[in-house]
Structures are given as structure tokens and as C-alpha cells.
Amino acid sequence: MPEKDFGEHPHRIIDPKQTGVTRIGTVNVNGIRAAHRKGMGQWLAHRDLDILALQEIRATGDILTKLAEEMTEPTGETWHIHEHEAADKGRAGVAILSRQAPLATRAGIGEGHPEDDGRWLEADYELADGTTLTVVSVYVHSGEVGTQRQEHKMRFLQYMLEYLPKLAERTDHVLVMGDLNVGHTELDIKNWKGNVKNSGFLPEERAYFDKYFGELGYVDVARSLAGEVDGPYTWWSYRGKAFDNDTGWRIDYHMATGDLAQRASNPKVDRALDYSLRWSDHAPLVIDYQLP
């Protein structure tokens, strides 16, 4: 079989940004070193992002900074890089990259719970009208039914339930982004019937999302813009033909407070052109915001 020809820039996404728009993305990189080696830098150099949330860094802060600087160098601008490294080396880790310097950053959810190590990072940005946008990069545990990993995941989801209202009260606009490792509805998993007893689609997990997007007042931005359609999925297993058959899960989110969600447009899942071009098992979720 002849090799496929994807041209000189196989990772490039063509999506011109409108004037005055702030482009914000999130992606679980599944190890920043591997993502960098496989082509993430080419994607980032052409994507015209203003803020990028990363999850599952699995590297020290020094390594992340070095690789992020290499990937953002072609943009010709200095990026501000903030990370929350996990104490357990080679696991978890979240980061926020931005063209604008944040007013402040905070690591950890609530009061330093042990389950949130390397999984929650906040950054505050001053907007043109003087209000504040708080961006969060979050990596929820993958979980496994019947194990301590699932217990940690459920506790973390509870921490979010308690903390998200406090965050919305403290700042003007909130955007929580990341790999939440839960498909909220049947539209979010291709094979949902086969996963109702598996972590990621358990009724007790999904009930938390009913509350996040219900009584707490947060908006699932990508779903609100896409409508009631399958997916669009953001994660596909490396096993079998999951990617080729689009047997995916929508587990990466933009969760926004109400006014901010109303300013969102142009949602895109940057799915690779081919299995061979994937630089992570997740695809970036990118959305434009008309910020005040």
C-alpha cells in the first residue's frame, strides 16, 4: 500500500480568526514530550490561539517550559506559561499558556485536597472593560470501577460541585476547560450502551454533570453550540479501529458561566487527518469568544 501524502503541514488547521475574537483551546496532550515529538508544535504554530489549557503533562515544569517555548517560538510572541506539576512524577499535571500575562494564578481546588494534585490550575485575566476572566485547566481522574481510583474521581467531582459556585461568585467570568473524563449524555459516547457500567459513563458520575449544567448555572459550551448531535467526540482509544470508525467519547469540555457562554462561537474539534498523524489520543477543543 502506498504511503499517504498529507503535504508539508499535515497538522495545520485552516480556520481564520475574526477580528476582536479571543481564541481559547484545551487538550489532553497525553505526555507533553510525546506530543511535541509527534507534531503538536506545528498545530500550535498555525492555530492562532490566545489561551491554551493543557492536561496530563506528565513532565516537570522545566521540561514543559522548554518544549512550550519551542512550540510557540514560530508565533514570534512571548507566551506566559504556568503549570501545576503532580508530586507523583510522570503522572497528571496541568498547565495554562497565554499570550497575555495573568493577574494571578492558583493551583489546587478548594483547600489542597490530596486527590487534586496536579489536576486543577486557575489563571485570572483582566479584560478590556476591567472585568476579570478566570480560566481553569482541569484533569479529572479516569477512574476504574471498584478501585481507589474511582473513589478519588468521585471525591474530585464532589469538590467541583462545592467549589464551582464559589468560583463564580468570586470573579466576573469563569471558563473551566479540560479532560473531565465523563460523557454527560448518550450523545457523548458512540457506544454508550456498552459503557453504562464503566467509569466515564456511570449514572452517579453523570449526575454531577446534571448539576454543573443545571442548578449551578454553568453551560456546556460545545454542546450548546453543536446542538443535539452525536459528539463531536474528542477522545478515541488507540486500540482497534476506534479512530477510523469515529467510535469516540466527548469528554473534553469548555464549561462557562452564563454571560461568557453567550459570547462563544465557532467550536472546533481539531481531529487529525489520519490515525498516523495523531499527537495525542485526545483532539483539541477550540472555541472563539467575543470578550468584553
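This is a guided tour of the structure above, moving from one selection to the next.

The model is predicted, so local features are given where pLDDT is at least 70 and side-chain atom pairs at pLDDT 80 or more, while totals for chains, interfaces and linings use all residues. Residues are numbered from 1 along each chain as its sequence is written, and side-chain values use heavy atoms, with hydrogens and water left out.

**Strand β2 and its partners**

Select β2 (51-55) first; helices (H or I, at least four residues) and strands (E, at least two) are DSSP runs, numbered from the N terminus. Five of the five residues of β2 are buried, so the strand is largely enclosed by the rest of the structure; buried means under 20% relative accessible area, exposed over 50% and partly exposed in between, with a 1.4 Å probe and protein chains only. Colouring by face shows that both sides are covered, with I51, A53 and Q55 buried on one and L52 and L54 buried on the other.

Now add the strands that pair with β2, where pairing requires that DSSP finds at least two bridges between two strands. Strand β1 (residues 22-28) runs parallel to β2 over five bridges, and I24 stands opposite I51. β4 is joined to β2 by five bridges and runs antiparallel, with A95 in β4 as the bridge partner of L54.

**Helix α3**

Select residues 61-72, which form helix α3. The expected span of a helix is 1.5 Å times one less than its number of residues, and for these twelve residues that gives 16 Å, which agrees with the 16 Å between the end C-alpha atoms. Within α3, show the side chains of the buried residues G61, L64, L67, A68, M71 and T72. Seen down the axis of α3, these buried residues fall within an arc of 135°, so they line one face of the helix; the arc is that of the directions from the helix axis to the C-beta atoms. An α-helix has 3.6 residues a turn, so residues three or four places apart point the same way. What do the buried residues of α3 pack against? They pack against α1 (32-38), α2 (40-46), β2 (51-55), β3 (80-84) and β4 (94-98).

**The six-stranded sheet**

Turn next to the open sheet of six strands, whose order is β5-β6-β7-β8-β10-β9 with mixed pairing. β5 (104-107) and β9 (219-220) stand at the edges with a single partner strand each, so one side of each is left without a neighbour in the sheet. At the β9 edge, β9 and β10 pair in the antiparallel sense over two bridges, and M255 in β10 is the bridge partner of D220.

**M160 and the aromatic pairs**

Select M160 in helix α4, which is buried with a relative accessible area of 0%. Leaving aside neighbours within four places in sequence, M160 is in contact (heavy atoms within 4.5 Å) with I109, W120, V140, P165, L180 and Y212. For a distance check, the C-alpha atoms of M160 and G217, 57 residues apart along the chain, are separated by 13 Å.

The structure holds 13 aromatic pairs, counted where rings of Phe, Tyr and Trp (its six-membered ring) have centres within 6.5 Å, with planes under 30 degrees apart taken as stacked, over 60 as edge-to-face and the rest as tilted. The rings of W120 and Y163 have centres 5.8 Å apart and planes at 75°, so this pair is edge-to-face. W120 lies in strand β6 (residues 120-126) and Y163 in helix α4 (residues 148-170), so the pair ties together parts that are 43 residues apart in sequence. Both W120 and Y163 are buried. A further selection is the aromatic cluster formed by Y208, F209, Y212, F213 and Y253.

**The loop between α6 and β10, and two arginines**

Finish with S237, which lies in the loop between α6 and β10 and is buried, with a relative accessible area of 19%. S237 touches A242, F243 and R278, not counting residues up to four places away in sequence. From F243, move to R271, which lies over the face of that ring at 3.9 Å from the ring centre; a charge sits over a ring if NZ of Lys or CZ of Arg is within 6 Å of the ring centre and within 35 degrees of the ring normal. R206 likewise lies over the face of F201, at 4.0 Å from the ring centre.
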